[in-house]
Amino acid sequence: MARLLTVILLLFGTIAAQSSAAPPTTYRIGGIVVDALTGQPLGLSEVTLAPVTALEDLQTFLTGPDGRFLFANLAAGKYRLMAGRRGYAVQGFNAHEAYMTAIVAGPGQDSEHLRFRLSPSAVLTGTISDQWNDPVRDAEVTLFQQSWSAGSRGLHPINRTNTNDLGRYRFAHLLLGTYVIGVIAHPWWGNFGIRPFVISHSGAQVGFSGQIEGIEDGGSAIAADPGASLASNPALDLVYPVTYFPSAASLADAAKLSLLPGATETADVTLRPVPSIHLHVRVPPAAPALATNQTDDGESIDVVQMDSVTNVAVVLNAGREGSNNIPASQTEISPGLFELSGIPPGDITVVVSGSQGGNDSTTRTQSIQLSANTELDLTRHGALADVSGVVLTHLDTTETQEKGTDQVSQPERLMFTLEFRSRKTGESYKTSVSSKGEFSFAGSALPPGTYQVDLSDELSPLQVSSLEATGATVSHRTIDIPAGQPVKLTVHIAEAKCSVAGVAFKDGKPFAGAMILLVPQDPDQDPSQFHRDQSDSDGSFSMAPIFPGRYTLLALENGWDLEWSNPAVLFQYLPNGLPVELKPDASVSLNAKVQ
Amino acid sequence: MLRPILSVLLLASPLLLTSRLMAQQSSLNSSSCPCTLRGTVIDSVTGNPVRGAFVQASTGSAWSAFTDAEGKFQFDALPIGPIAIHAAKPGYLSEDDFGSRAPKNFSLQLGPDAAPAVLKLTPEGLIFGQITDEDGEPLEGLTVWLFYRNPTGRGLSPNSRLRAVADDEGKFRIAGLPPGTCYLAVRPMEGPALTSTRNAQVPQGFAPVYYPAAPDISSAMPIKVRPGRPSQANFSLKREPFVRLTGTVSGYSPEQQVVLRLQDFLGGPMSHEIAFDASSGNFQSKWIPPGAYTLFASTNIPGTFDASVAFSSARQSFNAHSTLSGIHLVLQPSINIPVVVRGLPFANSENESSPNFILLLLAKGQASRGPSHYATKANAPTAAPSGPLSLTVPNVEPGTYDVNAVVYRGGSYYLESVNWGSTNLLRDPLVLDSSGAVPPIDVVVREGAATLSGTVVSGNQPVGAAVIVFPPDQQMPPGFAFSGPDGAFTLHLAPGTYRVLALDNFTSLDLENHDVLRSISARAQEVTLTQSQTASLRLELTTVEE
């Protein structure tokens, strides 16, 4: 059962059938909570139960010393069972990643002899200190966990906290795994009226080294600059680099902390200030104006706004996949040239977005390694591609088309953003699609090259199914855009409306807790086309929404550590899988044999 | 919330004595600068040097330095003349912690051979503790709120900036506290996460408490915060059966939407949902911790929050120690109270320097102030250039209110009277029942306020302090002012005889306690002020005993 459950149609059928029976029958869900390592019963465990269709309808049971729990008077149905205790993070029953085995209560189901194996959780704590060995307060500490995402192992941020007055942070309730600590902090003296130092109108660098050594030593470092105002004191124009435990500049170089159940590990980080990087952004000199925008979550982001006709926004994020916003500050130092300062050196993702009014907008994302003051020139010296086109949705392929419309329906209310991603440069360009389904890169910064075309929202139930073009070569979802000629592109969109449900069997009996994997037949399919689930206590599983196509269904008893998007790894299982062909809107129900 | 100045952030005693001398020297000897300023930053409690403190010296330009291992700093090549010095470090109170009337800078006249400056930093106060249940098991995720006694002497004000969430070991820390007296309360997690049912029909959980285990403010134990000396405050909470509130609401028409809100004794927004059936008028709360609650019901036409749209409301407070049923709320139409202000010169309210007026109604005796009611000149319709100003306090529910009228930006104006019928609102509360038409609140403003200025000293040192002014009418609440780091304060007062007192710390005082008031007012200086008179006082600081 996926934690984010969609409606389980099969279940509705069961309930409807039972409601006709005269005396309402009730069922029970019960068992024992034990330590996953020792098998000892765990008293004082909080066990919660909720119907998968109404997760807010929660019941709680506090176990006694025998570790036993019992929920009585339950209607037949499928329930989410979770438990937690001091020293044991809240866990789903037989949980794997975001999946767990839901418990089915009903006729013929033994739901009263569950053995809930709780894994002891670990604590990761530490102190962030500065160059004087003083605690750094309010440092933002991000916890990354090595986890499976889209079929490959990677480090993903899972929690974030701020240090206290002792510079301490603490992450509790961590399960067995590999973790990394990252720290973003700002020197405290930056709060005392020191604003960013502007380098110069010409962009020339200013030497910092002499004055910084003083600060490093903690000596009587005098930053006396009689000519300088408070607003531009280069010796205080310092930042802490984004630092990963123990002292790495990037996530890739960070120490990986293996946490064992029940352990308390310490990861202290010392921050050392370095000169702030100054990023000059050159934009077309069209009456630029400066503005700061608020994001939805209240974070201030840095925006270089051109004017009402053309505007450009620059957002900086830490790291290559950057989710942590870096609050740089900006100054216009000459028309069309903006300086962003307060930026730590290291990997940074620059997101530049601009629009020419209306629905035409482009976003360009670029990961760069900043080690010195850098200029980003957005005035586009080279030739630009002239790409425009239309997005066609095939949301309804049945013959009941409305009169007066084409073979395809227009996306009236759906807002798309198309993303052109270059595998070569790593840059990506986004453009919004108008309500009429039209888009254009005319006048925007799309250079010629080879791009994969996708919808930018990965969670969208829509995807690009194919491309057609005049003036360019296309293959499946890839387009090769030449220089010097206009390109007309037609993007075909398909919708995920299929579902696959069924029961996992082993030796002829329903099998709980199996990893269910729906493998797309096209090996080049991106990992988002894989679907997973975990079979529930009655062996049932359900996956939706799925795009039409050919798939292979696998049920694996010990599949949770597989690098499942790797065709070589899957090769041994695929021959015993079940081929599934999903026509548009198909809902398929089938039984899967557990391997 | 007003926050008092409780101590002086920066002191440089040698400099105060020498600065006048130096200014004389510098005028004779200006050619010998650029000057050098040396100094030390020390901890005001331990007297130890503070290493790594940020020191800034500024004239028009700024110079910055960090102190070395001995707490020393040095600026070279400074110009002769006045210069401001400022020191800061995490763990020490900054100016923000003392409120806006706090010392901005320490300033001196810089000349050749300047004596070393000594800057004192006051270490912050800290409260830490642990929250456990009746079995000694740590409780995680509970929020600890910090309260100060309201300077106006009425109840407590939470400091939303200063709160903490207990970690997985039940531990919490609240740092950055100025010295003074505060109160702590623990509010259990909101929402459906009841700690345990223990399989009982009635869910159990934790009720909010004031430190250490008080169900209300009257039995709460104050916590003394001292600079650099952490205070410990542990909570041991007991699981109690939760309660439910059920009853009916009447007094609304079918097209009106009724909104029910519940506030616990900590006030603030409550997420406790109440199920309400408009057709029957029945309501039922979720399971909630036992304790003191205020239930507030009002009609709200969806989408309109216009003050001119009348609505009905009802409010009831009770102690829910067990499940309460049969609560009945009768919605009463809210009342618009006219306000007539005489004697205030009319001027374009766009003009920021013209005197302005606000009248606030504060619901009395409520855990929470509820919705705020006020009338202000800024919101008044354009009035005739002369004659009284007519204002309205809209949509006031029946109840008892303290009235707070303020003339601001008008140093020469004072309030002569605020009357409501025969009630003197400067002294007595406004009691509003639902009997329909209400007389106007009659405000008389006069020109010719007396100006009382002065200096607060401790020994011979000027100090920042809270200045308390007891009005001629002993029934009236005292007024407050704050002296700056130079000890200076200024007050504009109506003519009369006042008793004036300077206190180092008034957050520990219970100003609703008449014995306390009497004991401190005995130490006050008396001053009689006539119309437009300017008077000056030198007040010796009174230290509040612990």
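Guide: Helices (H or I, at least four residues) and strands (E, at least two) are DSSP runs here, numbered from the N terminus. You're looking at a predicted model: local features need pLDDT of at least 70, side-chain atom pairs count only at pLDDT 80 or more, and totals for chains, interfaces and linings use all residues. Residues are numbered from 1 along each chain as its sequence is written, while chains are lettered from A and ligands numbered from 1 in the order in which they are written.

Visitor: OK, how many strands are there in chain A?
Guide: Chain A has 3 helices. Its strand count comes to 47.

Visitor: And how many strands does chain B have?
Guide: Helices number 2 in chain B. The strands of chain B come to 43.

Visitor: Which scores does the model get for ipTM and pTM?
Guide: Take pTM, which is 0.74. The ipTM is 0.72, so to give the pair in your order: ipTM 0.72 and pTM 0.74.

Visitor: What share of the residues of chain A reach a pLDDT of 70 or more?
Guide: pLDDT is the predictor's confidence in each residue, from 0 to 100. For chain A the mean is 76. The share at 70 or more is 73%.

Visitor: Where in chain A is the pLDDT below 50, with 71 contacts beyond near neighbours in sequence?
Guide: Two residues are in contact if their C-beta atoms, placed from the backbone, lie within 7 Å. Where pLDDT is low, the predicted coordinates should not be read in detail. One stretch of chain A below 50 is 193–197, with 16 contacts beyond near neighbours in sequence. The one with 71 contacts is residues 199–232.

Visitor: Which element of chain B has the lowest mean pLDDT?
Guide: At the high end, strand E16 (residues 231–232) of chain B has a mean of 96. Over residues 1–31 of chain B the pLDDT is below 50, though this stretch still has 65 contacts beyond near neighbours in sequence. The lowest mean, 34, belongs to the element at residues 13–28 of chain B, helix H1.

Visitor: How many of the residues of chain A count as buried, in percent?
Guide: Buried takes 20 or more other C-beta atoms within 10 Å of a residue's own, exposed takes 12 or fewer, and partly exposed is in between, with C-beta atoms placed from the backbone. In chain B, buried residues make up 39% of 546. Of the 595 residues of chain A, the share is 37%.

Visitor: Is B:Thr534 buried or exposed?
Guide: B:Thr534 sits in strand E43 (residues 534–540) of chain B. Its C-alpha atom is 10.0 Å from that of B:Leu491, 43 residues apart along the chain. Because B:Thr534 has 10 other C-beta atoms within 10 Å, it is exposed.

Visitor: What classes of residue does domain 2 of chain A have on the side that touches domain 3?
Guide: An automatic or database assignment sets the domain bounds, and it gives domain 2 as 122–186 + 241–270 and domain 3 as 276–377 of chain A. In this pairing, 8 residues of domain 2 are in contact with 8 residues of domain 3. Ala, Val, Leu, Ile, Met, Phe, Trp, Tyr, Cys and Pro count as nonpolar, Asp, Glu, Lys and Arg as charged, and the others, Gly among them, as polar. On the side of domain 2 there are no charged residues, 2 polar and 6 nonpolar.

Visitor: Which strands of chain A stand at the edges of the open sheet E43-E42-E45-E46?
Guide: Strands pair if DSSP finds at least two bridges between them. In this sheet of 4 strands the pairing is antiparallel; one example is E42 (residues 515–520) with E43, joined by 4 bridges. The edge strands have a single partner strand each, so one side is left without a neighbour in the sheet, and they are E43 (531–534) and E46 (578–582).

Visitor: Which residue stands opposite B:Thr248?
Guide: Chain B has an open sheet of 4 strands in the order E21-E22-E19-E25, with mixed pairing. Within it, E19 (residues 245–250) runs parallel to E25, and 5 bridges join them. Opposite B:Thr248, in E25(B), stands B:His328.

Visitor: What is the bridge partner of B:Phe128 in E16(B)?
Guide: Strand E8 (residues 125–132) of chain B pairs with E11 (residues 171–177) in the antiparallel sense over 5 bridges. With E16(B), E8(B) runs parallel over 2 bridges. There the partner of B:Phe128 is B:Gln232.
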